Amino acid sequence: MDVVSFYIFAAIAVLSSIGVIGQRNPMHSVMLLIVSFGGLAGLYILLDAPFTAVTQIIIYAGAIMVLFLFVVMLLNAHTEDDSLPAGLGPHALRFGALLSALLAVEVVWGLSRVGVTGFNSDPGAASAISSVAAIGQTLFTQYSFAFEVTSILILVSMVGAVIIAGSRTRGGR
Amino acid sequence: MTPLLVAQLVLTLVVFVALLSSAAAMVYVERKVAAFLQQRIGPYLVGPKGLLQPLADVVKLMFKEELRPRAADALLFGLAPIISATAAFAAFAVVPFGGETTLLGVLKEPLRLQVADVNVAVLVIFAIASMGVYGIVLAGWSSNSKYSLLGGLRSSAQMISYELAYGLSLAAVVMLAGSLSLREIVTNQSGYWFYVIPKWYIFLQPIGFLIYMTAGVAETNRAPFDFPEAEQELVAGYHTEYSSMSFALFFMAEYINMVTVSAVATSLYLGGWLGPFLPDWLGWLWFLLKVFLLLFFYVWMRWTLPRYRYDQLMEFGWKWLLPAAVINLIATAALVIWLG
């Protein structure tokens, strides 16, 4: 049952990710990316990390992708054509194919070096690390510096966005 | 196929049907309450006291022509009401509406009156509320009409702004209860102080309750925060171009979101299914009563209070409600640490 669920969620994640880059309409790409995040959330649940799964949906699929959607909608991203964009050289297709083949070889080599892990039949072990209490404990004691610095980083980006938007309406016009 | 599994499947079906019926019942309740508040009678022709009016509405909506503007993006236009309705139904899956029951001894293990008992239920509700924004954004954009786009953008900006105050008031309750599971939050509210006052969190968190209900009303785009749907300004906002069953799906999603916000508020603040005189397995009667009270409050507010203007709405959410929620959280944390 776990294996079947794994393959289903993995297929959803991979196929929708391929769809993201294959779709011509950017709005459809954004929606397929959200579907792929849903597949990832399912995989996290299979790995006994419910908090990570739900946080993925809340933050990534729920907030960041809304931002992406606003940008795509309001900045009028055009539907792509079938043909290659102008400006690439004559050997663009061959170079791209070569790089993709190299990447595939590298991925297969890398994955073959990793041992096969089965599913953890003891849920207690994982939930001790991935329970909300445990995550909160380590986040605010061991990694508290990273946490605070990240919050300052987000504050800086928010203030910067407000200033950039404000200067265009007040000073620029 | 153990009896417990069959019972859980039947329970899921029962909850689904109950939610659908609650949407229909809310149509009737809204029209009747609105009528009485405006000193008129409301629907009275269809069935006794107009009770079959929702049925007539559903039949009318089913037989209308399904329209789509030619320039609309077909896939997203059709997908948007589905996303809205699915998110509305899915959020109710983690709400507990009763204690445990063995169905009078038929089952060997007790069946919990909840569709899915997850131990991060509060976060799941928050996550599904975030996903509900997409239905509105996509409806607004894919209709390819200026009223829809403006309504959709305003509505989604309003929803993501009020999600913050919503989440912070949830966090304060989680701090009091020490758990993210809704079932545990409700069971922590059992018992009485001085044998008379029930130990509900509304008495410990009055400000938090008000913040939660305000943010919940804003999340569901109901008055006085329904500027995105304001008929006078925007025709009908993001669902202008929809008709027939797609419109019915949006309509239903709005009512079911109201039911879910009320149900979560009763679980968090009003003690869920707990109440005097009834055994645990009949607790769902108390639950229904409390949810109905909150829904009546919702409808009452719509037909009493004037609508906020959009900039006033956003200013209220960011400059007043969010700081209030943060202060509530800090005060709760201080009290939990000092009083244990």
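In this predicted model, the buried residues of helix α8 of chain B are G208(B), F209(B), I211(B), Y212(B), T214(B), A215(B), G216(B), V217(B), A218(B) and E219(B). Since 10 of the 14 residues of α8(B) are buried, this helix is largely enclosed by the rest of the structure. The surroundings can be named: the buried residues of α8(B) pack against α4 (121-142), α5, α7 (201-204), α10 (244-269), α11 (283-302) and α12 (310-339) of chain B. The length of the helix can be checked with simple arithmetic. At 1.5 Å a residue, the 14 residues of α8(B) should span 20 Å, and the C-alpha atoms at its ends are indeed 20 Å apart, so the two values agree. Just after α8(B) comes N221(B), which takes a positive phi of about 55 degrees.

One of the neighbours of α8(B) deserves a closer look. Helix α5 (residues 146-177) of chain B packs with α8 (residues 206-219) of chain B at an angle of about 150 degrees, and their axes are 8 Å apart. Angles over 145 degrees count as roughly antiparallel, and therefore α5(B) is roughly antiparallel to α8(B). The crossing of these two helices, α5(B) and α8(B), is left-handed. On the α5(B) side, the residues that meet α8(B) are Q158(B), M159(B), Y162(B), E163(B), A165(B), Y166(B), S169(B), A172(B) and V173(B). Their partners in α8(B) are G208(B), I211(B), Y212(B), A215(B), G216(B), A218(B) and E219(B). Sorted by class, the contact of α5(B) with α8(B) holds 10 nonpolar, four polar and two charged residues. Several of the α8(B) residues in this contact, including I211(B) and Y212(B), also appear among the buried residues of the helix.

Helix α5(B) has a further partner in α4(B). The axes of α4(B) and α5(B) come within 8 Å and cross at roughly 175 degrees, which makes α4(B) roughly antiparallel to α5(B). The residues of this contact between α4(B) and α5(B) divide into 14 nonpolar, eight polar and one charged.

Helix α4(B) also leads to the other chain. Chain A has seven helices and zero strands, and read along the sequence it follows the pattern α-α-α-α-α-α-α. Buried residues make up 16% of the 173 residues in chain A. Of the contacts in chain A with a separation of 6 or more, 55% are accounted for by residues 24 or more positions apart.

How many residues does each chain bring to the contact between chain A and chain B? The contact takes 14 residues from chain A and 17 residues from chain B. On the side of chain A that touches chain B, α2 (26-46) and α3 (50-74) of chain A each supply at least two residues. The most comes from α3(A), with 11 residues. By class, this side of chain A has 12 nonpolar, two polar and no charged residues.

Within this meeting of chains, α3(A) and α4(B) pack at an angle of about 15 degrees, with their axes 8 Å apart. Angles under 35 degrees count as roughly parallel, and so α3(A) is roughly parallel to α4(B). The crossing of α3(A) with α4(B) is left-handed. From α3(A), the residues in the contact are V54(A), I57(A), I58(A), A61(A), G62(A), A63(A), V66(A), L69(A) and M73(A). They meet L123(B), V124(B), F126(B), A127(B), S130(B), M131(B), V133(B), V137(B) and W141(B) in α4(B). The contact of α3(A) with α4(B) has 16 nonpolar, two polar and no charged residues.

Two residues elsewhere in chain B complete the description. L61(B) has its place in helix α2 of chain B and, with 17 C-beta neighbours inside 10 Å, counts as partly exposed. Leaving aside residues up to four places away in sequence, L61(B) touches S244(B), M245(B), F247(B) and A248(B). The C-alpha atoms of L61(B) and Q312(B), which are 251 residues apart along the chain, are separated by 35 Å. R70(B) lies in the loop between α2 (53-63) and α3 (74-91) of chain B. Is R70(B) buried or exposed? With 6 C-beta neighbours inside 10 Å, R70(B) counts as exposed, the cut-off being 12 or fewer. R70(B) and I41(B) are 29 residues apart in sequence and 41 Å apart in space, from C-alpha to C-alpha.

Methods
Residues numbered from 1 in each chain as written. Chains lettered and ligands numbered in written order. Predicted model: local features only at pLDDT ≥ 70, side-chain atom pairs only at ≥ 80, totals over all residues. Contact = placed C-beta atoms within 7 Å. Helix = DSSP H or I, 4+ residues; strand = E, 2+ residues; numbered from the N terminus. Nonpolar A, V, L, I, M, F, W, Y, C, P; charged D, E, K, R; others polar. Axes fitted to C-alpha atoms, helices over the stretch in contact; angles between N-to-C directions. Parallel < 35°, antiparallel > 145°, perpendicular 65-115°, else oblique. Left-handed = near helix turned anticlockwise from the far one by under 90°. Expected span 1.5 Å × (residues − 1). Buried ≥ 20, exposed ≤ 12 C-beta atoms within 10 Å, placed from the backbone.
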